[in-house]
Amino acid sequence: MKTIDMMSPKAPAFFAAVLLLLPFFSSPALAGMEKVPQPRFFIGAAAGYFYPRQDAFRKIYGKPLWPVELQLGWNPSRKMSVFGAVRYLETSGSTVLLAAQRPEEKYALRWRQATLRLGMNFWPLPSRFAPFLGAGVSYSFYREQWLDAPLASEGRQAGFFVQTGGRYRLGRRFHALVQIEYSAISAGGGSGLSRSVNLGGLNLSLGLTAGIF
Amino acid sequence: MPVRKRIVFYLLVFLLSTAFLPVAAAPAEPSALVKIASPAPAVSRLGGVVVQELHSCLLVCAPLPALPRLRAAGVDFAVLAYPREGVHFFLLRSPLVLPLLSQGADIECRLLEDRIWLLWTADPGFRRYLAQPFRLKALALSGPLAPAAGEIPPAPAPEYEEYRSRPRAARALAKLTAQVSQERLRSDILTLQNFKTRYASTAQCEAAGDFILRRFRQIGLDAESDPFSFESYYQSKNIVAVIPGEIAPERMVLACAHYDSTSNNPLVSAPGADDNASGTAAILELARILAKEKFDFSIGLLCVSAEEWGLYGSAHYARQARRDGAEIIAVVNLDMIAYPGDRQRVLDVIGNRKSEWLADRFIAAAQPLVGLRLAKVIDPSLTWSDHSSFWDQGYAALCGIEDSDNPYYHRSSDTLATLDLPFAVEAVQASLAAVADLARPLNTPAAPTGLQARSQISMSLFSSLKTVYLNWQANREQGIGYHVYRADQSHGPALRLTAQPLAQTSFKDSFLSPAQEYFYVLTAVDEQGRESNYSQEVRDDENN
């Protein structure tokens with residue numbers, strides 16, 4: 001049985017705290033910046049590549065994973081945005097064997113995961129291309145189904161994420177977005193492959209946001 | 001009546017009585033009855049017929065011209081008698097030094113070996129000169145149907161190692177033996193005892209036969225009476241019932257007992273509770289229980305008469321069976337099974353050398369199910385009951401008999417009150433198990449061998465399943481399928497996994513809990529749906 005060591009929870013928590021506090025220490029004057037007015041609310045969509053942090057997850061669902069995300073956000077100031085999002089991931093895989101006697105035995109699996117995300121981004125240098133740091137919490141609904149056997153597992157689990165990236169202003173309302181995110185979702189007991197399943201990992205995504213008001 | 005008519009009448013009576021003399025009483029050509037020390041050479045090739053095998057010698061009837069051939073072949077023999085018309089020969093077993101009450105009687109006796117005499121006489125009333133207790137066996141000196149020793153094809157002698165791993169068969173036999181009822185045995189013994197006497201040739205004996213016939217028919221069996229005559233003047237009848245076999249009804253396992261009795265006052269009082277109402281009640285109990293079951297082979301249930309006169313009823317039946325070519329696989333004779341005495345509770349299982357396999361098999365099937373001890377006795381000189389008649393015809397036969405000296409033997413005091421019914425119940429259970437076992441499993445397929453199990457666990461993120469792969473060697477028989485059974489604990493209750501017998505010799509058991517150990521056994525099933533015993537058990541990862 002192989003277990004994947006997980007990152008200590010202290011480090012992400014520290015980064016998240018720093019990111020949440022940053023907006024309160026920032027001001028437009030410090031950033032010097034563009035005075036282009038921007039909408040207070042925006043919607044967005046993103047898609048990207050997900051790299052699961054846990055070896056067991058990669059063994060079972062080994063092919064590239066492409067989650068998609070829809071966002072709704074609010075810019076309370078020029079240097080800060082708050083967003084809510086829903087991210088969806090569906091993929092397929094197959095079982096792995098312990099004490100293999102007949103390697104040809106495989107059962108098809110389907111993985112579905114929907115994650116509600118609530119986060120905050122900080123834009124320290126507002127400009128045409130503005131980098132950001134962000135953090136947030138998540139709540140995931142997941143279901144793993146054996147397609148060839150009467151077996152399925154499902155659950156719900158909270159987690160958190162930290163992210164960084166940048167956006168490029170395409171017009172008064174539109175921005176292109178690139179971000180990299182690290183998430184942790186500890187889902188508890190697993191099979192013989194890992195004692196504790198973590199659904200988090202690294203997510204690299206590209207997106208587009210549009211201001212609406 | 002005028003003198004001339006009287007002469008004609010007596011002449012007619014004489015001629016008729018001569019005509020009714022048993023054909024087998026004496027050989028057709030002049031011959032001699034000789035005693036040959038055993039082991040004997042193949043006397044049949046030299047013209048002799050083995051009349052009786054004893055412990056230390058053979059009784060051989062040889063035509064007079066054959067005697068020089070015997071001597072020339074180096075056979076050491078002693079001539080005992082020259083049979084002639086009207087003279088009957090018997091083996092006599094008597095514990096007394098002088099078995100005759102009166103030396104003046106027209107009876108000749110020669111001691112053959114310990115307590116066994118050859119007796120011959122022309123006097124039909126010779127029994128009144130014999131001192132009780134005694135047992136008689138009438139000898140057929142020239143039975144053309146009686147095969148000589150060494151010419152009998154060996155009876156099937158299955159490997160009895162097989163029986164050590166037969167949980168299913170053992171359970172089935174245990175279920176049967178649990179049905180033996182002490183109350184029914186008691187009731188039947190009492191009914192038979194209440195005929196006052198069952199001495200063959202009496203009306204009460206015939207009534208007892210009618211009672212047995214009715215009982216068989218009440219049970220629902222196809223039963224009939226088979227009349228026969230003996231010693232020229234007397235008649236009695238055997239009662240026969242058959243439970244037809246399902247697969248090979250022409251082959252038969254025969255359970256028998258004599259229902260006649262005797263005593264020191266046989267015409268008036270011979271209750272014969274132990275000898276042999278006990279054996280007869282056992283046959284009725286076997287009939288009651290076995291009639292509800294199905295067997296590969298037929299089971300014959302035979303109650304014979306005139307045993308006490310010299311095994312006449314069984315000799316009649318066995319001769320006819322041989323003449324008709326009946327395939328009797330085995331004969332289980334029960335005679336005196338309810339008086340264990342003060343000694344250890346032992347039921348002797350007596351066989352001759354050719355029936356030793358049967359004694360072994362009887363004990364292997366029955367001993368695990370009963371508390372009394374079954375003791376194998378191989379002694380061809382123990383000819384004092386009806387199994388001996390079947391030995392004479394070349395059939396495998398044994399006798400189940402108490403290993404004790406019943407002080408009420410052949411006395412008017414042999415009554416139900418002297419019997420140990422719990423012992424009788426166990427003796428009946430042993431016989432029931434052996435008869436059922438002989439009748440059923442001979443044709444069932446052999447249990448599969450070479451069972452191997454390998455298991456592996458398939459895992460997803462959150463759950464896992466165990467899969468077990470089984471394979472085994474194919475049976476040698478044709479048309480065999482296999483059933484797979486699984487248990488959660490070793491030798492625990494097994495669940496059959498296969499709805500239909502598998503044609504292939506492998507099986508995959510999927511979707512199992514990885515946390516649980518599983519144990520597997522197999523059975524083989526033939527085209528008639530008969531199932532073998534379990535194979536050896538394997539754990540799911542035994543061969544990983």
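Two strands count as paired here if DSSP finds at least two bridges between them. The model is predicted. With that in hand, the report starts in chain B, moves to the cores, and ends where the two chains meet.

## Strand 10 of chain B and its partners

Strand 9 of chain B covers residues 222-230 and pairs with strand 10 of chain B. The pairing is antiparallel and runs over nine bridges. One facing pair is Glu224(B) and Val240(B), the latter in strand 10 of chain B. The two strands form a hairpin with three residues between them. In that hairpin, Glu231(B) takes a positive phi near 50 degrees.

Strand 10 of chain B also pairs with strand 12 of chain B, residues 297-304. Here too the sense is antiparallel, over five bridges. Ile239(B) has Cys303(B), in strand 12 of chain B, as its bridge partner.

How many of the ten residues of strand 10 of chain B are buried? Seven are, so the strand is largely enclosed by the rest of the structure. The cut-off behind this is 20 or more other C-beta atoms within 10 Å.

## A four-stranded sheet in chain B

Chain B also holds an open sheet of four strands in the order 2-3-1-4, with antiparallel pairing. Its edges are strand 2 (49-53) and strand 4 (77-81) of chain B, each pairing on one side only. Neighbouring strands of this sheet are turned by 30 degrees against each other on average, direction ignored.

Strand 2 of chain B pairs with strand 3 of chain B, residues 57-63, in the antiparallel sense. Four bridges make up that pairing. Val49(B) stands opposite Cys61(B), which belongs to strand 3 of chain B.

The strand pairings described in this report compare as follows.

| Strand pair | Sense | Bridges | A facing pair |
|---|---|---|---|
| Strands 9 and 10 of chain B | antiparallel | nine bridges | Glu224(B) and Val240(B) |
| Strands 10 and 12 of chain B | antiparallel | five bridges | Ile239(B) and Cys303(B) |
| Strands 2 and 3 of chain B | antiparallel | four bridges | Val49(B) and Cys61(B) |
| Strand 4 of chain A and strand 17 of chain B | antiparallel | three bridges | Val96(A) and Met459(B) |

## Nonpolar cores

In soluble globular proteins, nonpolar side chains tend to be buried together. The largest nonpolar core in this model has 138 residues. Those with the most contacts inside it are Val60(B), Ile283(B), Leu286(B), Ile299(B), Val331(B) and Val435(B). Helix 11 of chain B, residues 421-439, gives the largest share of this core, 13 residues. The core draws at least three residues from each of domain 1 (22-138) and domain 2 (160-442) of chain B.

What does Val435(B) touch, leaving aside residues up to four places away in sequence? Its contacts are Val253(B), Ala255(B), Leu286(B), Ile299(B) and Val332(B).

Another core, of 23 residues, lies apart from the largest one. Among its members are Phe57(A), Ile60(A), Ala187(A) and Ile457(B).

## Backbone details in chain B

A cis peptide bond joins Asp275(B) and Asn276(B), with omega about 5 degrees. Asn276(B) lies in helix 6 of chain B, residues 273-290.

Arg115(B) is not a glycine, yet has a positive phi of about 65 degrees. The residue sits in the loop between strand 6 (107-113) and strand 7 (116-121) of chain B. Is Arg115(B) buried, exposed or partly exposed? Arg115(B) has 16 other C-beta atoms within 10 Å, so it is partly exposed.

Phe511(B) also has a positive phi, near 60 degrees, and is a residue other than glycine. Phe511(B) is placed in strand 21 of chain B, residues 506-512. With 14 C-beta neighbours inside 10 Å, Phe511(B) counts as partly exposed.

## Chain A and its contact with chain B

Chain A has three helices and eleven strands. From the N terminus on, its elements run α-α-β-α-β-β-β-β-β-β-β-β-β-β. Of its 213 residues, 36% are buried. Among contacts in chain A with a separation of 6 or more, 62% join residues 24 or more positions apart.

The contact between the chains takes 25 residues from chain A and 16 residues from chain B. On the side of chain A, the elements giving two or more residues are helix 3 (55-60), strand 4 (96-98), strand 6 (129-146) and strand 7 (151-169). By class, that side has 16 nonpolar, six polar and three charged residues.

Strand pairing also crosses between the chains. Strand 4 of chain A and strand 17 of chain B, residues 452-459, run antiparallel and are joined by three bridges. Val96(A) stands opposite Met459(B) in strand 17 of chain B.

Conventions. Residues are numbered from 1 along each chain as its sequence is written. Chains are lettered from A and ligands numbered from 1 in the order in which they are written. This is a predicted model: local features need pLDDT of at least 70, side-chain atom pairs count only at pLDDT 80 or more; totals for chains, interfaces and linings use all residues. A residue is buried if 20 or more other C-beta atoms lie within 10 Å of its own, exposed if 12 or fewer, and partly exposed in between; C-beta atoms are placed from the backbone. Two residues are in contact if their C-beta atoms, placed from the backbone, lie within 7 Å. Axes are lines fitted to C-alpha atoms, for helices over the stretch in contact, and angles run from 0 to 180 degrees between N-to-C directions. A nonpolar core is a set of buried Ala, Val, Leu, Ile, Met, Phe, Trp, Tyr and Cys residues joined through C-beta atoms within 7 Å. Domain bounds come from an automatic or database domain assignment. Ala, Val, Leu, Ile, Met, Phe, Trp, Tyr, Cys and Pro count as nonpolar, Asp, Glu, Lys and Arg as charged, and the others, Gly among them, as polar.
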